Amino acid sequence: MQALAGKTILQLRKRLGEDWPDLALYFDIPRERCKGFAPGRECDGVVAWLKEQERIGELTEALAAVDRDDLIPLLEITPSAVSQAAALTWPRSPFPGLRRFNPEDAPIFFGRHREIKGLLRKLADPTHRFIAVLGASGSGKSSLVAAGLIPRLQANAIAGSQDWPWLEFTPGGAEGDPYPILTARLEPLLQSQGWRGPEILKTLRAEQGYGLIELAEQVLADRPAHAELLLFVDQFEELFTLTREALRQPFVQLLTTTVRSPRVRVVVAMRADFLHRCLEYPGLDRLLSANAYFLGPPGPGALYEMMTGPAARAGLEFEEGLVERILEETGTGSGALALLAFALHELYESRAGDGRLTHQAYQRFGGVQHAISQRAESTFQRLDSGVQAELAKVFRELVQVDERGVATRQRALLSTIAVSSAASELIDRFVDARLLVREPGEDGLPVVDVAHEALFRTWPRLKQWIQDTADDHRLRRQITQLAAYWHDHDRQAEHRWPDERVVEVVAMREHLKLEPKDFTPLERDFLGPLDRDPMRAALDDPATTHEERAIIGVRLSLLGDPRPGVGLRADGLPDLVWCAVPGGAVTLEENAGAFTVEPFHIAKYPVTYRQYHAFLDADDGYHNPEWWRGLRLDHPPEKPGRQLQRYDNHPAENLAWLEAVPFCRWLSARLGYEVRLPTEWEWQQAATGGDPANEYPWGPDWDGRCANTYESDLSRSTAVGMYPQGASPVGALDMSGNVWEWCLNEYEQPRNVAPAGDARRVVRGGSWNGNQPYARAAFRYGFAPVNRGSSLGFRRARASPI
């Protein structure tokens, strides 16, 4: 060996890095001598000792012995010779950016020599049928297997491994199913045996998980007896983030069964922070505990190789001090590798005409720490505002956020996210910037993926959006999971979310820019109605069921019921919609007498809980003795009746006649005109429109679709106005069913409307717990004025004209 030049020693020092103790141990350099080596220049000390001992010629053999034979070329040819030869072998960018290294990139894959050797040693042991490469996001797990391990196996690094066929897939698959993508990868290997996709898929899904062993035997049928099938399962964490829950255990069983075969090897790459999820699956936990290979972040020496090795292959040269500057700014923490990879690609794109990589270019794009964020933000800022607005719609399909708030990437079909020209343009520009990747999927259709999860951490705009919408992403995932659970349990009501969660879902939809079509039909059935306009339109459809009407009422309340006459005015007083009632003559049943009705107005709806609560909350309301004067109770009860259906748009219920009258007095004083309970003849005139032939508000014949009575089987009140087809001729709603409505007059002496006394007061209209006959427009009933009940409410009236 020729004497080592100073530049060679410099490169050897930087690339050997923390492995210098292995050389010292190999040469048995005295411990005291090692202690005297200058920190950071220990390699120089080793070389100096070798020169003193005249053993420099043994360095080549020593490097091979300590698994650093990748450094041997430094000792045999000069760097300039390397550059000249490399320029002919790698004519394009040697830095793939955020894209991982693939098998064809093996000539430019540097800095992981020791790790490759470690994996090969494990695989050389025939008892190791399964290896899990575990590391932090951005540690280079996928590249280590794809560009490090697999090319070495193809080069026969293990005796006979050159004959090993291999395939790669990710377990997320389409719609959370890993089997179709595995089928697509196996089919080319099985074509010569006459196997086709559907048959392969059926075999893979076979019980007990033995199908893959059978298929592996077919793949290897025409190969040497020593050949084995290698399965590389990349991004194994997708098993927990994308794979449907019902398919996880069967897929785990497929893998754990397959590795029993002496002719199959399985290598998985997974983020280490998902290791605890593997422990939930019997069999998988044992495989990982015995066969895990933990990949740490590369040290300074490895990072030096990752920069200078590929550059030399492509005939590039760093300006003096630039490598050291990049190393210092990169650091060695988790995620440093992804930052470095992108910065090197940016540096290549900005290279000088003679192939020099310069300080000026490095500074221009923000260096290692800002390269990704600057490229992403500059790409975003060059887009029109309409295209920028599509950011959330595109990235909501490309990111998963787990229970801990950790973001992981997921692939999406291009057709599902490029739903507009603006979205397509955003995707195109981010693909051009190498921040997104577009490639054929398992069925040949193009899919889009984030180039690297480092984008989630380093681009402030996207990082903030993920943080702001983390709960929304988790909620979206829960909907998918729970909808499937609901369906698997016969869609029983107890397995649906309570209606109160609709507010969360609507907010989530807004934050993630989701539209109804972005949910599956099953998810839409599980969630029920979410939009107010379609809900209100559904009320007009006679086919809408009683239960659906009840749900719509609750959800309108939760979302904010916009209907006039249901809530409050801007000044906090009850909003009123009046229906004009014509004059006429009314004859009461039970020989209770005939009455003349003067034209008047009646409220379109019964008083709602929100409107009555305004009376309870007002300083001059429920507890003001003024409103109770002259009644049987000359002071308010200690507390009002408890509302059972606590939704703003539901009828006020569980209140006595003696509580309805004070409400009307309070409202009259606040409005400046008299509001009161209707008399029962006024109520009947409003219900029939003055036509005695109208047995019910909607006409002469009973129609169970028009009212909430006992026959509806709801066993509760609904929001007011849920049965528009049951409107009376004057336009008043809920005059049959829902809640009984207090009237002003006494039951036994109808002409007595005086407020004092204990005599029963009339109620009209039937209720949710009363059957059909009670819902007739002419049916009379009565309760004591102090009675409360879950089916007792009231409606307002006033004289005409308004």
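Colleague: Which residue is the bridge partner of L167 in β3?
Modeller: In this predicted model, strand β2 is joined to strand β3 (residues 229-233) by four bridges, and the two run parallel. Within that pairing, L167 has as its bridge partner in β3 the residue L231.

Colleague: Which strands stand at the edges of the open sheet of five strands?
Modeller: The order of this sheet is β2-β3-β4-β1-β5, with parallel pairing. Two of its strands have a single partner strand each, so one side of each is left without a neighbour in the sheet. These edge strands are β2 (166-169) and β5 (292-294).

Colleague: At about what angle to β2 does helix α10 run?
Modeller: Helix α10 covers residues 178-190 and lies across both β2 and β3. Its direction relative to β2 is about 160 degrees.

Colleague: In the open sheet of three strands, which residue of β21 stands opposite H601?
Modeller: The strand order there is β13-β16-β21, and the pairing is antiparallel. Strand β16 (residues 600-603) is joined to β21 by three bridges. Opposite H601 in β21 stands R798.

Colleague: Which helix gives the largest share of the largest nonpolar core?
Modeller: That core has 106 residues, and F318 and F395 have the most contacts inside it. Nine of the core's residues come from one helix, α19 (residues 336-349).

Colleague: Leaving aside neighbours within four places in sequence, which residues is F395 in contact with?
Modeller: F395 is one of the two residues with the most contacts inside the largest core. With those sequence neighbours left aside, its contacts are F430, L436, V450, L455, L462 and W465.

Technical notes. Residues numbered from 1 in each chain as written. Predicted model: local features only at pLDDT ≥ 70, side-chain atom pairs only at ≥ 80, totals over all residues. Heavy atoms only, no water. Core = buried A, V, L, I, M, F, W, Y, C linked by side-chain atoms within 4.5 Å. Buried < 20%, exposed > 50% of the residue type's maximum accessible area, 1.4 Å probe, protein only. Contact = heavy atoms within 4.5 Å. Pairing = 2+ DSSP bridges. Axes fitted to C-alpha atoms, helices over the stretch in contact; angles between N-to-C directions.
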